[in-house]
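Me: I have a protein model to study. Can we go through it with short questions?

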Amino acid sequence: FLGIFGTLWLHFLPAGLYNFYNFGIIICSIEFISAPFICLLIAKIFASFGPLRGKISKSTMVSVYIVSQTSAWYLAYYSIWNVYGRIFTSRIVTPADANLYVPSFMAPDASTVSQILSGHVPVPWGEWLIPFLFWWAYQIVFALFMVSIATIFRRAWIDVEKVPFPQTLMANEMIGKEGGAAWPRPFMIGIILGLVFQIPVFMSSIFSWFPDIYGWRSVCGGGEWYVTSDNIFASIAGFASFNKHPVIIAIAYLIPLSVLFSTWFFYIVYMVIVQIAFVTGSYTGEINKGGCGRAWCAPGPQYTEPLKFTAVSFAGGMLGLGLFYVINNRRYISETIGAALGRISDDRIKEIEKNEPMSYRMSYLMLALSSIAVIILLTVIGLGIVASLVMLATIILLWIANGRAYGMTAVPFLGDDHGHVLFRFLWPSVPQPLTREFVWSIFISRLGVARPSEMWLGSTMFAAFGNYKMASLTGFSNKKAFRLTIIPIIIVPIVVMITWLQLNYHFGGSVFPVTGVYTYSTISPTQPITDPSSVYVKPGSEPLLPYVLAGMAIVYALSYLHATFLWFPLEPIGFIMGTTFMSLLWGLWGPLLVAWVIKVATLRIGGSKTYENYGVPLAAGFIAGYMVAILVGGTLSVIRFFVPY
């Protein structure tokens, strides 16, 4: 149902709203998904009123969460657009390059693809069958690979380390103690506050005559305000943006204090360092750029000497975060491998596997088979064995790092500027002539990190971890959580593709505002993702390796100091968040600073009980109220597609 309904809903939304009122990702700056919260709200209503009152158990509510949370990641336009939409439309946007780099099993011919935009003809299912089967297999294989990693690390992250996963904590507050139990008063107050915020925002977005109460027309939909060259803050070369979205503040309230503090602290450090560089003659053009350009555009402190923060923090920092986690947890990994191979005692195996969704033998078998399948897929696309292994290593290290970030903050590291860093070392210069292997390696690796719902489908790792966290919070079976995760992974992608195709052939894709994004940045060396002139600037100009190693060293030092000394307040995730796109482009340092102040005040004045009994329910209630407004606003927006008003 979500695969069909969510895809239809997305396409019927008007321009400017399809990225914020869908059933997938509704806040692009933090990848916040809506379907699980909306589905829980609807289930809660049925559990509290009418003939089903008191008949919907907590276990059923958890099942609703798991299925809808896993499905939601396939319902954002990023998923539909980037996983296969770009590839299909390359036939008509960059046909010469598509003929060189896109084999027939990945996309139909140009005449067939062009029918997507014009529509009003029967679907030639035969032409689409092979590409659909390929992309269905592609999505399932990568999803199973990600879920296998999450399943192996489940005990370490969920049972031992108690990684919070704030989005799941919010959903757990929504479920409550029992399926039909009333929400506490702080939660209800939060709902009202969420409505008070979002309803006027929606009205001012739809109707030009409605007053812009919160000044939302002057910011991006994700809440980002960008400095302009004529602004008083423009003279601060490292200052780019500030995010004022209250939903991000509500979510950040559940982030550990050390991460909150580290993020805004390191952003201040970043601004000081950049300002020193500016005063001493570097980056003199920064003060003439807008905030967006200060993040994206080279030359600048993110990409060029002397600082190259994207190479240091995003590339080196994330590689270090993933690599050092694996190294520091080598005993855990060794023990799980020992259990899989039967090299430890049966009693110990029984003890460590008692809460697992499956035996470690099966988990590692799933990892091995999915790894082989990933390599086969990559070689079929055009990568050699070396490039395929580099891709596999990139996926593992960067998504362990991203999983840690998401688990601690509910925010993954977003951006396509660092995912291809290992391929920079594989190809120190542009191969001449350009090869299919090079083009696809760069395309998949850059988009694979850009967002969790794109080419590597890291979102399924988030889904699995979130589902295991919910099972831990509610006493739900991990075995059942695993099964309920796998079912949408298999069903939803093909349902979305079929619905998407039928929809475009019936109406003609040109009538849908969201379809306009399908023709941007296709698989072509002339497009931003794979253009060599872009590839070799990001994550930094040459020399690259010293900066990557510096980032890894900083992350290791922060990890060691934070783990060794209880008083040491700084940690590596905050370092990466504070010195990269996360603070420059998305402005997340702002809401995390506000949340830090509120959380510190709550704990010092009222203590942990006030935080747990009032603060968390209030924040979760705000999210619930926001979702009610999203559902109402989305419904009114979809109606406008059929009945303009």
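Me: How much area does the protein expose, and what share of it do carbon and sulfur atoms supply?
Reply: This is a predicted model. Its exposed area comes to about 23400 Å². The share supplied by carbon and sulfur atoms is 69%.

Me: What percentage of the 645 residues is buried?
Reply: A residue counts as buried under 20% relative accessible area. Among the 645 residues of the protein, the buried share is 62%.

Me: What is the radius of gyration, and what would a compact globule have?
Reply: The protein has 645 residues, so a compact globule would come out near 26 Å. The model agrees with that. Its C-alpha atoms fill a box of roughly 70 × 65 × 65 Å along the principal axes. The radius of gyration of the protein is 24 Å.

Me: How many helices and strands are there?
Reply: Take the secondary structure of the whole protein. The count is 27 helices and four strands.

Me: Which helices does the pair of F12 and F641 tie together?
Reply: The protein has 72 aromatic pairs. In this one, the ring centres are 4.8 Å apart and the planes make 40 degrees, so it falls between the limits of 30 and 60 degrees and counts as tilted. F12 and F641 are 629 residues apart in sequence. The helices are α1 (residues 2-12) and α27 (residues 607-642).

Me: Is F641 buried or partly exposed?
Reply: Start with its partner: F12 has 10% relative accessible area, so F12 is buried. F641 has 26%, which is not under the 20% limit for buried. F641 is therefore partly exposed.

Me: Over which ring does the charged end of R404 sit?
Reply: The distance from the ring centre is 4.8 Å. The ring belongs to a cluster linked by ring pairs, whose members include W73, F153 and Y325. The residue under R404 is W157.

Me: Where is D417 found, and is it buried or exposed?
Reply: D417 is in the loop between α17 (385-409) and α18 (421-426). Its relative accessibility is 0%, so D417 is buried.

Me: Which side chains make polar contacts with the side chain of D417?
Reply: D417 touches several residues beyond four places in sequence, among them W296, R446 and F581. One polar contact of its side chain spans 2.5 Å, to Y303. Another spans 3.4 Å. The side chains are those of Y303 and K538.

How values were computed:
Residues numbered from 1 in each chain as written. Predicted model: local features only at pLDDT ≥ 70, side-chain atom pairs only at ≥ 80, totals over all residues. Heavy atoms only, no water. Helix = DSSP H or I, 4+ residues; strand = E, 2+ residues; numbered from the N terminus. Buried < 20%, exposed > 50% of the residue type's maximum accessible area, 1.4 Å probe, protein only. Polar contact = N/O pair within 3.5 Å; in protein donor to acceptor, adjacent residues only side chain to side chain. Contact = heavy atoms within 4.5 Å. Phe/Tyr/Trp six-rings, centres within 6.5 Å; stacked < 30°, edge-to-face > 60°. Lys NZ or Arg CZ within 6 Å of the ring centre and 35° of its normal. Rg over C-alpha atoms; globule rule 2.2 N^0.38 Å. Areas by Shrake-Rupley, 256 points an atom, 1.4 Å probe, with all protein chains shown as cover.
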